[in-house]
Structures are given as structure tokens and as C-alpha cells.
Amino acid sequence: MRAGQFGRYASGDLIHRRRMKIDYLANHPDFIPTLSKWFLREWRDFYGDKTWEDVAETFYERLNRDSIPLSLVAFEEQHPFGTISLLEESISTHKHLTPWLGGLYVCEEKRHQGIGRQLIEADVGEARKLRVERVFIGIRKAENYYKKLGWQVVEGANYQGEDITIMRLDLC
Ligand SMILES: CC(C)(COP(=O)(O)OP(=O)(O)OC[C@H]1O[C@@H](n2cnc3c(N)ncnc32)[C@H](O)[C@@H]1OP(=O)(O)O)[C@@H](O)C(=O)NCCC(=O)NCCS
């Protein structure tokens, strides 16, 4: 799997160089409670009265390494920073499109350091390995961010009362 240089941390006079890794969540199921709690807090309206244990069930379904659905996790030592999944279905109004990058999340303290982009690239790499011809993503904003990464707009849609853009990345 990919391993990306995460950067430098200053602590007193010391500068620690640490290495962030991205790996299959299947190799790190201990991270599932943390990821589930992040998701519940971020998408409370979507999950309604579900508990983090309910959310965890969806992660357990994604513990694959060579088939969809699969999840990846970005982490350093025992600390997860973010996650992304490759899913058969995502936006329920668009079941005719498949597969999807979904469940992209980076913890608040680690945002704007390119971890999201690395997770997207790693997930696209997994799709390529599985010989997928194209992948989709549904986003609420940041269209230009995806365009710069080679994605193109498929169409706008309204999903759960919110305007979203469905984008596509061709892999061959
Ligand atoms: C979206 C998110 C994963 C980006 O993580 P990140 O590690 O900060 O990403 P990067 O450092 O690669 O890129 C940062 C930029 O891209 C934006 N971005 C990337 N993907 C995005 C998306 N799907 N939706 C909204 N913004 C996105 C970030 O907001 C940020 O914008 P800015 O720096 O121009 O203000 C993170 O902000 C997050 O977890 N947000 C809450 C959950 C979420 O919205 N997930 C996306 C669902 S489609």
C-alpha cells in the first residue's frame, strides 16, 4: 500500500519526522470505534437515532482487501487521521452508477494537509487494481478541487434536500 510522508512536527527544540500510512481498514479493525464516532458526529442528521455501534456495522462490511466494498484508513502509529471507502452504491437516487468513492473523512485537527487528497488517490488506486473503468463521487462543494484531480461533472442532483454534484473519473 501507499505510504505518504506526512510532514514535520515541531515540539520544543525537536523536529520529529513521522510517517503517515494508508492501509486497508481490514488490517486495522481497532480503528472502527473512532471512525464510527467521527461519522456519527459529522453526519448526525443522516444517521438519526443510530448509535456509533450501528455505524460500526457498516465499517465491518467494508473489511475487504480485493473486493468492493472496502475501506482505507490513514494513520500514524495507533492514531487514525482519516478514512475513505470504495462502495458499490452511494447516492440512492443514482443506483445505476457504480462504484463510488464515499465515506471520505479527515479528523478536524489534520485537515488542509493533503490527507484527503492522498486518501482519494489511494482509493482510486484500489479501483484501478480492481479493473474498474470509472468511479463516481457525490460532493456538496469543492468541485474545482476534484476537477484539478481529473474528475469531470456528470450532473447536479438533489440528495436528502441538499444540492450535490456527481462527478466521474475515467480510469482507462
Ligand atoms: C473534505 C475533507 C475530507 C477534506 O480533507 P483534507 O485532508 O482537509 O483535504 P485536503 O487537504 O486534500 O484538501 C483540502 C481542501 O479540499 C476541500 N475538499 C476536498 N474534498 C472535499 C469534499 N468532498 N467536500 C468538501 N470539501 C472538500 C477541503 O475542504 C479543503 O478546502 P480548502 O483548503 O480549499 O479550504 C475534510 O474536510 C472532512 O473530513 N470534512 C468533513 C466530512 C466531509 O465533508 N466529507 C466529504 C464528503 S463528500
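Visitor: Before I trust anything here, where does pLDDT stay under 50?
Guide: Over residues 1-17. This is a predicted model, and for that stretch it has 22 contacts beyond four places in sequence.

Visitor: Okay, and what's the mean pLDDT of the protein?
Guide: The mean is 91, and 90% of the residues reach 70 or more.

Visitor: Good. On to the ligand: how many residues surround it, and which are the closest?
Guide: The ligand has 16 residues around it. V106, R111, G116, R117 and A142 are the closest.

Visitor: Which elements each supply at least two residues of that shell?
Guide: Strand 5, which covers 100-106, and helix 4, which covers 115-129.

Visitor: And how does the shell split by class?
Guide: You get 7 nonpolar, 4 polar and 5 charged residues around the ligand.

Visitor: Back to strand 5 for a sec. How many of its residues are buried?
Guide: 6 of its 7 residues, so to speak of it as mostly covered is fair.

Visitor: What about strand 4 and strand 5, do they run parallel or antiparallel?
Guide: Antiparallel, with 5 bridges joining them. Strand 4 is residues 79-87.

Visitor: Who stands opposite V106 in that pairing?
Guide: That's G82. V106 also turns up among the closest residues to the ligand.

Visitor: Switching to the core: which residues touch the most other members of the largest nonpolar one?
Guide: L72, A74, L101 and L119, out of 32 residues in that core. Several elements give two or more residues to the core, among them strand 3 (70-76), strand 5, helix 4 and strand 8 (162-170).

Visitor: Which element has the largest share?
Guide: Helix 4, with 6 residues. As general background, nonpolar side chains in soluble globular proteins tend to be buried together.

Visitor: Take L72, then. What is L72 in contact with, leaving aside neighbours within four places in sequence?
Guide: I22, D23, Y24, L25, T83, I84, L119, A122 and D123. One of those, L119, is also listed with L72 as touching the most other core members.

Visitor: New topic, G156. Where is its place?
Guide: In strand 7, residues 152-159.

Visitor: Why does G156 count as exposed?
Guide: Because G156 has 10 C-beta neighbours inside 10 Å, and the cut-off for exposed is 12 or fewer.

Visitor: And which residues is G156 in contact with, beyond four places in sequence?
Guide: D163 and T165.

Visitor: How far is G156 from R140 in space?
Guide: 9.8 Å, C-alpha to C-alpha, with their positions 16 residues apart in sequence as the separation.

Conventions. Residues are numbered from 1 along each chain as its sequence is written. This is a predicted model: local features need pLDDT of at least 70, side-chain atom pairs count only at pLDDT 80 or more; totals for chains, interfaces and linings use all residues. A residue is near a molecule or strand if its C-beta atom, placed from the backbone, lies within 6 Å of it. Helices (H or I, at least four residues) and strands (E, at least two) are DSSP runs, numbered from the N terminus. Ala, Val, Leu, Ile, Met, Phe, Trp, Tyr, Cys and Pro count as nonpolar, Asp, Glu, Lys and Arg as charged, and the others, Gly among them, as polar. pLDDT is the predictor's confidence in each residue, from 0 to 100. Two residues are in contact if their C-beta atoms, placed from the backbone, lie within 7 Å. A residue is buried if 20 or more other C-beta atoms lie within 10 Å of its own, exposed if 12 or fewer, and partly exposed in between; C-beta atoms are placed from the backbone. Two strands pair if DSSP finds at least two bridges between them. A nonpolar core is a set of buried Ala, Val, Leu, Ile, Met, Phe, Trp, Tyr and Cys residues joined through C-beta atoms within 7 Å.
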